[in-house]
Every structure is written in structure tokens, then in C-alpha cells.
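The exercises below are to be worked through with the sequence and the three-dimensional model at hand. Each task is followed by a solution in steps.

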Amino acid sequence: MLSNFDVQGASKTSDGIVEICGMCGIAGYSVGPESQVPRTLAAQALLAGIAERGADAVGYAHRSGNARVVVHKQRTGATELLEAIAVPGDAKQVLLHVRDHTKGHPSIEANNHPIRHGSVVGVHNGVIANEEELFERHGFERAHPEMTVDSEAIFALMEAHESKAKALEELRGAMATAWLDEREPTTLNLARGVARPLWIGRGRHEVFFASTRAALEVVEDTLRLGLLKREVAEGRVLRLVAGRVVAEERFRPDRTFREDSPLPAVRAPDEGATCLERLAVIAALA
């Protein structure tokens, strides 16, 4: 399951190119009304699959029907949340995140993911280098006065521009992201810019996404479910509705950004190993 990673944490893309992709892990799913997937167990499997990517904070969000997005986050690793996750049986969309922070200290809860900005709730893996410029240019205000996390710029843009793909071209940095907009209750949005991985796995009535293919394989093993997996191309936005990809749009990400000291993808190996061990017990009892 970990064959796509070497000991330095370099992940291999579908093109065979090795890229260093550290900090944070994202995951989640969209399911249709016919789906029999157990919502909580699916979230636990995804969380266990990305747990190794960060331990500074962890969180998840879910939405059922037209209801407001519910967010839970805490300043721990995934092991402290795995068995406490509770997703309603009628949930249609879920977002998950583990954090290895760069900007925005995790002691301030608002900096941790999922992040809410207005009607938008989202998760992000990467670095946004021009967020202060964007806040000034557009006159955005922070959702919380103590927030400094760079990721908020993504969701402020999506809130202001109604999740239009072209608005992502204003961002400079590294990005794989997902968000829910409460003005669009049926849609889960995914986007991949540059320098961060993003994978999707399609079932009959479900679409799962995660930072790595390996996390989707954890879902397959846990739920005994076959998924058609593929890596999302850079400069793409996917719209998921009721367990289907209903649209795939292009945008032009800024390719000039370079990280001075890229971090390895595996930031919390003990979190990952412990979560997978606990998940096996949870699944056996389910």
C-alpha cells in the first residue's frame, strides 16, 4: 500500500515524475442517495489513510441535504479523533484534514482546517504565497481576527467568485484543495493547482478523494469496495454531485512558484501506523 513512497517521502505521479509534497493531507467523499457506504467508517478509513501527513491538528466537516456544513476540529493528531468521528447516516459530503502547519499557528483554532470563510468551508494542502496581497486587493476581511493561515485566501476567493475556476488563477503557491459552498448544497468542489497531489476513486454511487492513492486503497480494503482510481491533473477543478463527477474545468495555475525547502510527505509516521492498526479493529467490529 505504501509502494508509491520512498523513505524520503517523495511521491511518484502517474507520469513517473518524482515530486516532494509535504505538509498536510486532505480527503473526503461525495455519495449518492443509493450509496450503502457506512458514512462514519468511510471517513475513518480516509483519515487513517492520510494520518501520516501531519499531526499538528485534525478536523472534518460534513453536510446532509440542504443543511449547514458542520465542522469539527481539534489540536491533536488523527489518533485522538479516529474513534470519535461521528458522521450522520444521511450525510452526502465529507471533508477531512490533517495538518502539518506552515503559516498560522495551530494554537489558534481558526487557523486549523476545515476553514470557514463566509458560506465556504474548505481544506487545503500546500502553501499560498500571496494571500496578504489578495486580502488587500479584494478588501477581504479575515473570518476570525486572530487568523493568519494562508489557506483562507482560497476560500475567500471562492466565496467572492461563487467557486468559479478562473478565480483560482489569482493564487500563487502550491495547492490541492476541496471545499463546500452552502449556496450550492449538492456540490463538493475539488481543485489541484501545482506541486501537491490529488487522487479520486469512483465507486458505483460514490466518489472518494485523497492526497494519495494509498489512502484510497485503505478505503477499498476497509469497505471491501472497488474504486476506479486516477490522479487529478494540475490545473483542474472537479464538481462532485451525489457521488458523480458532473463537471471538470480547467484553469491556469501559476507555475512560477518554487518552495525553498520542500518537506517530505510523511510527517507523522507513528500517527499513520497507529491509525491503520486501530482502523483494522474498528472495521472488524463494524
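**Exercise 1. Determine which residue forms a salt bridge with Glu131, and where the two partners lie.**

*Solution.*
Step 1. Glu131 pairs with Lys103, and their closest N and O atoms are 2.2 Å apart. A salt bridge here is a side-chain nitrogen of Lys or Arg within 4 Å of a carboxyl oxygen of Asp or Glu. The model is a predicted one, in which local features need pLDDT of at least 70 and side-chain atom pairs count only at pLDDT 80 or more, while totals for chains, interfaces and linings use all residues. Residues are numbered from 1 along each chain as its sequence is written, and side-chain values use heavy atoms, with hydrogens and water left out.

Step 2. Glu131 belongs to helix H2 (residues 131-138) and Lys103 to the loop between E6 and E7, so the pair ties together parts that are 28 residues apart in sequence. Helices (H or I, at least four residues) and strands (E, at least two) are DSSP runs, numbered from the N terminus.

Step 3. Glu131 counts as buried because its relative accessibility is 3%, whereas Lys103, at 30%, is partly exposed. The classes are buried, under 20% relative accessible area, exposed, over 50%, and partly exposed in between (1.4 Å probe, protein chains only).

**Exercise 2. Describe further salt bridges of the structure and the burial of their members.**

*Solution.*
Step 1. The structure holds 21 salt bridges. Side chains of opposite charge can pair when their charged atoms come close.

Step 2. One of the bridges joins Arg239 and Glu249, at 3.1 Å from N to O. This pair links distant parts of the chain, since Arg239 sits in strand E14 (residues 236-241) and Glu249 in strand E15, ten residues apart. Arg239 is buried at a relative accessible area of 10%, while Glu249 is partly exposed at 28%.

Step 3. Another bridge, also given as 3.1 Å from N to O, connects Lys229 with Glu220. Glu220 is buried, having a relative accessible area of 16%.

Step 4. Salt bridges also link Arg192, Glu231, Glu234 and Arg255 into a network.

**Exercise 3. Explain why strand E3 is described as largely enclosed, and identify its partner strands.**

*Solution.*
Step 1. Seven of the seven residues of E3 (residues 25-31) are buried, so the rest of the structure largely encloses this strand.

Step 2. In a regular strand the side chains alternate between the two faces of the sheet. In E3, Gly25, Ala27, Tyr29 and Val31 point one way, and Ile26, Gly28 and Ser30 the other way.

Step 3. E3 pairs with strand E6 (residues 93-99) in the antiparallel sense over six bridges; two strands pair if DSSP finds at least two bridges between them. With strand E12 (residues 206-210), E3 pairs in the antiparallel sense over five bridges.

Step 4. Ser30 illustrates both pairings: its bridge partner in E6 is Gln93, and in E12 it stands opposite Val207.

**Exercise 4. Trace the order of strands in the six-stranded open sheet, and locate the helix that packs on it.**

*Solution.*
Step 1. The order is E7-E8-E9-E10-E14-E15, with antiparallel pairing.

Step 2. Strands E7 (115-117) and E15 (244-250) stand at the edges with a single partner strand each, so one side of each is left without a neighbour in the sheet.

Step 3. Neighbouring strands of this sheet are turned by 25 degrees against each other on average, direction ignored. Axes are lines fitted to C-alpha atoms, for helices over the stretch in contact, and angles run from 0 to 180 degrees between N-to-C directions.

Step 4. Within the sheet, E8 (residues 120-128) and E9 (residues 173-181) pair over nine bridges, and Val120 has Asp181 as its bridge partner in E9. Helix H3 (residues 152-160) packs on the sheet and touches E7, E8 and E9, its direction making about 135 degrees with that of E8. Contact means heavy atoms within 4.5 Å.

**Exercise 5. Establish how far helix H4 is covered, and what its buried residues pack against.**

*Solution.*
Step 1. Nine of the eleven residues of H4 are buried, and the helix is thus mostly covered. Among them are Leu216, Val219 and Glu220.

Step 2. These buried residues pack against H1, strand E11 (199-202), E12, strand E13 (228-231) and H5.

Step 3. Arg224 follows H4 and has a positive phi, near 50 degrees.
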